[in-house]
Amino acid sequence: MDFVAGAIGGVCGVAVGYPLDTVKVKIQTEPKYRGIWHCVWDTYRQERVRGFYRGLSLPVCTVSLVSSVSFGTYHHCLAHICRFRYGSPEAKPAKPDITLSGFASGLVRVFLTSPTEVAKVRLQTQTQTQTQQRRPSASWPSAAPPMCPAPPACSVPGPKYRGPLHCLATVAREEGLRGLYKGSSALLFRDGHSFATYFLSYAILCEQLTPTGHSQPDVLGVLVAGGCAGVLAWAVATPMDVIKSRLQADGQGQRRYRGLLHCVVTSVREDGPRVLFKGLTLNCCRAFPVNMVVFVAYEAVLRLIRGLST
C-alpha cells in the first residue's frame with residue numbers, strides 16, 4: 001500500500017512543481033540571473049512556456065518508481081525498527097526511529113535518482129550552453145560587412161541533447177558510468193539529511209494537528225503538515241542541492257570542478273557563502289504546494305486502498 005500510494009503522490013507532486021524546479025536549477029548554475037523573476041522572464045522570452053518543462057518526460061516516467069521506493073522504504077524500515085525495539089511493527093515509533101527510517105529512505109533513492117537528475121539538469125541548462133556557443137570568436141573583426149557570408153566557425157550548432165534518453169546515452173558514451181552518477185556524493189548528503197527532516201517534521205506536525213479523540217489529522221492538517229515538512233526539508237537540502245546541480249551541469253563544455261570539496265571551495269571563493277543558499281526562497285515556495293499535494297494524495301490513496309481491502 002505504501003509503495004502504490006507513494007508512487008501516485010510523487011507523480012502529483014512533479015506535475016505541480018516542475019516549472020519552479022527548472023527556474024531553481026538555472027539560478028543555481030548560471031551566474032547571469034539576478035533573481036527569480038529575471039530567470040523566469042528570460043526563460044519565457046527565449047523559449048516560452050516550453051522552456052519551463054525541459055526534461056520533464058524522464059522525471060514523470062521515473063518519479064513514480066522513486067517516490068514509491070522512498071515511501072515504501074521509510075515505512076518498511078520503520079516497521080522493522082519497531083518490531084526489533086518494541087516487539088510489534090504496529091507500535092508507536094519514537095522520534096529517533098522516524099529520523100533513522102527517513103535517513104535510510106533518502107540514501108536508497110540516490111541510486112535511482114542520480115542518472116535522472118543528471119539528465120534533468122543537463123537539459124534544463126542546455127539553452128544557456130547553446131547561447132554561449134552561438135557567440136562568434138573574438139578573432140573575427142566586429143566591423144565585418146553585413147553582407148559577408150558567415151565563416152564556418154560561426155555556424156550555430158544544434159542542441160547537444162535531443163531528449164532525456166538521448167542525454168543519458170550521450171553522457172554514458174562520453175563520460176562512462178561515472179558520468180551518470182556525477183554529483184551523487186552531494187546527492188547522498190542532500191537526500192539523507194533532508195528526508196530524515198522531511199518524515200520527522202511531518203510526523204511531529206501531524207501529531208500536533210490531530211484533533212482530540214482522533215488518530216489522524218483531517219485534510220487541512222495533512223495539507224499544512226505536508227507543506228511545512230517540504231519547506232523544512234528543502235531548507236536543510238539547499239546547500240548540497242546547489243553543489244549537486246553544479247557538479248551535474250559541469251559535464252557541458254570545459255569542466256571546472258574536480259569533486260565535491262573542490263566545488264564547494266571554488267563556489268564559495270568565487271561567489272561568497274551566500275551561493276550555498278541560492279534558490280532557497282524558490283525551493284521553499286515550490287516545496288509547500290508540491291508536498292501538500294504529495295501527502296494529500298498519499299494519504300487519500302492509503303485510505304482508499306484500506307477501504308477497498310476491508
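**Arg122**

I looked up Arg122 first, and it is buried, with a relative accessible area of 0%. Buried means under 20% relative accessible area, exposed is over 50%, and partly exposed is in between (1.4 Å probe, protein chains only). This is a predicted model, where local features need pLDDT of at least 70, side-chain atom pairs count only at pLDDT 80 or more, and totals for chains, interfaces and linings use all residues. Residues are numbered from 1 along each chain as its sequence is written, and side-chain values use heavy atoms, with hydrogens and water left out.

I found Arg122 in helix α4, residues 95–124. Helices here are DSSP runs (H or I, at least four residues), strands are E runs of at least two, and both are numbered from the N terminus.

What does the side chain of Arg122 make a polar contact with? I get the side chain of Glu175, at 3.1 Å. The Arg122 side chain also reaches the backbone oxygen of Gln248 at 2.5 Å. A polar contact is a pair of N or O atoms within 3.5 Å; within protein, one must be able to donate a hydrogen and the other to accept it, and residues adjacent in sequence count only if both atoms are side-chain atoms.

**Helix α6**

Glu175 took me to α6, where it is one of the buried residues, along with others including Cys167, Leu168 and Val171. Helix α6 covers residues 164–180 and spans only 12 Å between its end C-alpha atoms, while a straight helix of 17 residues would span 24 Å at 1.5 Å a residue. The expected span is 1.5 Å times one less than the number of residues.

Where does α6 bend? I noted about 105° at Glu174. The bend at a residue is the angle between axes fitted to the seven residues ending there and the seven starting there.

**Helix α8**

Gln248 sent me to α8, residues 219–249. Its 31 residues put the end C-alpha atoms only 39 Å apart, short of the 45 Å of a straight helix. I noted a kink of about 50° at Thr238, shortly before Pro239.

**Val301 and Tyr53**

I checked Val301 in helix α10, residues 280–309. Val301 is buried, at 12% relative accessible area. Its C-alpha atom is separated by 7.8 Å from that of Ile8, though the two residues are 293 residues apart along the chain.

Tyr53 sits in the loop between α2 and α3, and it is partly exposed at 38%.

**Whole chain**

I ended with the totals: 10 helices and 0 strands, and buried residues make up 47% of the 310 residues.
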